[in-house]
Each structure stands twice: as C-alpha cells, then as structure tokens.
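Visitor: Please give me a close look at a single part of this structure, starting from one helix and working outward. I'd like to know what sits where and what touches what.

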Amino acid sequence: MYIKDHAMAEKSADNSGKWIGGWGTSPVDFYISLKDYLKKDISLFNVLKAGTTTRTEFTVTASGKMIRLNFSNEYGKTPVTIHAVSIARTDPVDTACIIGGTAQNVTFDGGKTSLTIPAGKTAVSDEIEFPTSALEKLSVSLFFENQTVVNTSGLYSAVTYISKKVKSSQINRPSLRSPKKLCLSSGSMACNFVPFLCGIDVLSESEDAYSIVMFGDSTFCNDAFIHLTERILTAGHTDISVVNKAISGNKLLHRGYGLIGNFYGDSAIRRFSRDVLNQAGVKAVIIKIGINDITHPNIISMKGQVPTVTVKDLTDGYTLLAEAAHEKGIKIYLSKIAPWNGYERDFLGKKGDLTWTKEQYDFCCAVNRWIENNDVCDGFIDTDELAEPNDITRLYKPFTTDCMHFSPLGAIAFSDIIDLNMLGIDGPAQTLIDTKYRYFPKEMNLRTEESGNFGEQFDQIKGFISQMTDHMRFKMKK
C-alpha cells in the first residue's frame, strides 16, 4: 500500500485572503467496454462529437472574490483540447440554462482562451475575478471544436448536459440548445458524468478560511456535503467550505473490479493525495469507506475477482491515511460503517447479486469497534444513531433508499450527527432533524403503525425539509 503524490497544479495569488476548495468531484477512468457482455466492443458514450458544448451545474460551498478551475486528463491516452470555457450563475428555473449577462470567459496560462491537457496530467485556469456566495449554483460550460475522447470524468456532485444539433460554441448562450443529460442509472446508483472538470477553488477574504473534505464511497454520493455546509453557515461561519470527493463502489484498499470496475475508481489509499492532501486549504477530512472492501468479494457477479481483506488490513489502511493526513496538518475523522441489513444489490436488473449476512455484519462490527477506540484518528462519527430504534443492524427506514444508501432525508440526518465542535467550529448549529430521538412534527405521526403509506410519509418529509431549508437560507441572507 502506498499514497501516490499526485499534486494538483497550484498558483500563487497576490491578493489577500486564502484559497480553499469550493466544489469538487473525484475523477475516474471513464472508459467502460461492454465487449465481454455483449460480445462486441461497444463503449459507453465516451466520445464527444465535434462542435459539442457541455454545461456542468453544481453548488459551490465557499464564499469569496476570485476563483480558479481545476481540470484533469489523468486517465487520458492522448492530449485533450478544450477550445473555450466560461463560468456563469445557473438559472434556477430552466434546464441547462444560465442567467443572462453573468457568463465570464475563463483563460489559461496568462490569457489563452483554450486549454490543452497532456495525457495523464492536470491543469489549472488563470485566477478569475468572479465573486461567489456559499450554496449558490454555478455552471461551467466547455466547447470542444474537435471530436474528443473522454477518458477522465467525475461521476457525482454535479449534473452535466451536452448540446445537440449545434456545432458552434454555446458557452455564453443563456440556453443550451436541445440539452441532453449525461447520466447513467443502475439500481441505486446514478452517475452524472462531469468530463474533465474536477474542482473549483475560491479565494476567501479570510486568512483563517479552510476546507473540509468528505471522502468516501456511494454512501457519500449525495447532498450530505451541502447540508453540512448549511449547518456551518447557520453557526455563523462563512469562511469554511465542504468539498465532496466520493466515488460509488470505491474501496479503501483495492481498485474497482467487474463490468463497471473503472467507475469504482482507484483505491482510497491511492487517491488520497489527489483528493484530500492536495486540495486547496484543507484542514479536516471526514472519511466513510470500507463497506465495499468487506462486501465486494461476496458479490456473485464478481466472484473470485475481488481480493479478500481482513479487519487488520482495513485498520492498517485507515492508519496509513491518518498518518498521511497528520503529516500535512490535517485532522481526520472516521465514520463507522452504517447498518445495511436488508440490502440487495441490483445488477443488470436482477436483485440478489449481494445480500446481507451475519458474517459480514460481524466483520463490520469488528471494524467499527476499532474506529470507536483507535488512537490514531482525531474522532469518529457514530452511525448507530441512524439505525432503526429496535434493530441496530438496519438503517432507519426514512433514512435510506435501499437499506444501504442514504435517502435525501438520510443525507441530512448524517450531516446532523457530525459534531461541529469536533471540526473546530464554535457556536450552536441549527439541525434539521434530531436523529437521536427521531423527532418529526407531530402531525406526521411516523411512530405508529397507523401512520399510512410510506410513500406519502416520505413526500411529507421532503416537503417539511424543503420548508426548513428555505427558511434557513432566508435567515442567512437577511
């Protein structure tokens, strides 16, 4: 095991303040071949036609006065040229649209409008004066004059659209013509592809500003990072951002295996430098990973392909991450492996590719005991608080979509059980849900058998959370 030094390019700023991460996604090898499955070599839409414009929409979590964009061609076999780039504020109503008059062209190497990224390399834009406010939605548009093979892409934390039928650049057009979402769904997994763009850094006006990275697997491929940002803002801190670096199917010790193994990314050990240590202004990392190391060797469709691990293998891996983080002055907090009894992996439309067993549960418990009692990390997050009140092996039903992955409500609940004081954040933080006592408005009556259809309950919950979130944001803007 080792941690590869894969530093993102850095640029110094003469401006006062501090650069911190404002948004991010973790790039993977985008090429997936279906040759073995379909008996012919058909890859998943990893070629952009000549004249394509892409538009990626995301939520920035940092406030500041300047930005810089990070790009990656880490898995590319040939150089990639992006002929024009812009950043703008996202239209909150229309799909793949930006607010007119907000688009600003992005430059590179001191004023060039195009960017060529060599194979296996990364690149950073010029610093751009573009003020941001935490939790606002931004859009980055890229124009590809020539046909371009996409071998490097993020899969989460943003939504990307591509233009159709128009061959000229649309990066500054308010409306992207005939947009098509770059998305692939299978079972509980939904990948929203983000070609080449992998991060946004923001120049905060505060010299004390810093970033928190949420680093993990599919159980972090949700909006928990946004809800944690909301809590931090409610606590009165505008100079702390949260960056999500999660990959579905990711393992602590080994790369991905199987038909879509590339989408599972490099091991957490291997990508830790790139996705945590070398992020701008990072001061703390929250890690939730390890369940796939335990379960993937038991997946029927990957039987015999995935290396098995021991409890000691995993704890040694966590220790290695902690030592690497501490060497850089970064605090590290481990999340316990959450309950997952009842989960059935869906593979190509068929359930039962993986099911919960007592043996796997005992493995998770042994790892969790180490997480609770180790002396190498700076703290831990107790996911037992998210369990069913009467069954510690299962996630509380409203918190999960499939007994393993968090529902929108579950993502909020996870952010709520993070102790802000542990992260060095003072002041009381308003939480949206009291997960410890399962509190909801009394009219929802979620504690009784008579409370009705769960689908109706969940619609109620979503409406409640939406109202609470809107109320929080309104208070912060006043």
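**A helix on the inside**

Guide: In helix α7, the buried residues (under 20% relative accessible area with a 1.4 Å probe, protein chains only; over 50% is exposed, partly exposed lies in between) are L409, G410, A411, I412, A413, F414, S415 and D416. The helix covers residues 408-416, and with 8 of its 9 residues buried, α7 is largely enclosed by the rest of the structure. Keep in mind that this is a predicted model: local features need pLDDT of at least 70 and side-chain atom pairs pLDDT 80 or more, while totals for chains, interfaces and linings use all residues. Residues are numbered from 1 along each chain as its sequence is written, and side-chain values use heavy atoms, without hydrogens or water.

Stepping back for a moment, the protein chain holds 8 helices and 27 strands (DSSP runs numbered from the N terminus: H or I of at least four residues, E of at least two). Of its 478 residues, 56% are buried. If you look at contacts (heavy atoms within 4.5 Å) with a separation of 6 or more, 79% of them link residues 24 or more positions apart.

α7 isn't alone in being tucked away. Strand β1, residues 18-24, has 6 of its 7 residues buried, so this strand too is largely enclosed by the rest of the structure. Its partner is strand β20, residues 197-204: the two strands pair (at least two DSSP bridges) in the antiparallel sense over 6 bridges. To find the register on screen, pick W19 and look across to L203 in β20, which stands opposite.

Moving along the chain from β1, you reach β2, which belongs to an open sheet of 3 strands in the order β2-β14-β19, with antiparallel pairing. The edges are β2 (28-29) and β19 (194-195), each pairing on one side only. Between β2 and strand β14, residues 152-154, there are 2 bridges, and these two strands run antiparallel. V28 has S153 of β14 as its bridge partner.

Now back to helices, with α5 (residues 311-327) as the one to follow. Its axis (a line fitted to C-alpha atoms over the stretch in contact, with angles from 0 to 180 degrees between N-to-C directions) comes within 11 Å of the axis of helix α3, residues 268-277, and the two cross at roughly 25°. On the α3 side the contact is made by A268, I269, F272 and L277, and on the α5 side by G317, L320, L321, A324 and A325.

Helix α5 also meets helix α6, residues 358-373: here the axes come within 10 Å and cross at roughly 35°. From α5, the residues that make this contact are V311, L314, T315, Y318 and T319. They meet F363, A366, V367, W370 and I371 of α6.

For a contrast with the buried stretch in α7, click on P131, which is in strand β11, residues 128-132. At 46% relative accessibility, P131 counts as partly exposed. P131 sits 68 residues from S63 in sequence, yet the C-alpha to C-alpha separation is 7.4 Å. Setting aside neighbours within four places in sequence, P131 is in contact with G64, K65, R89 and E136.
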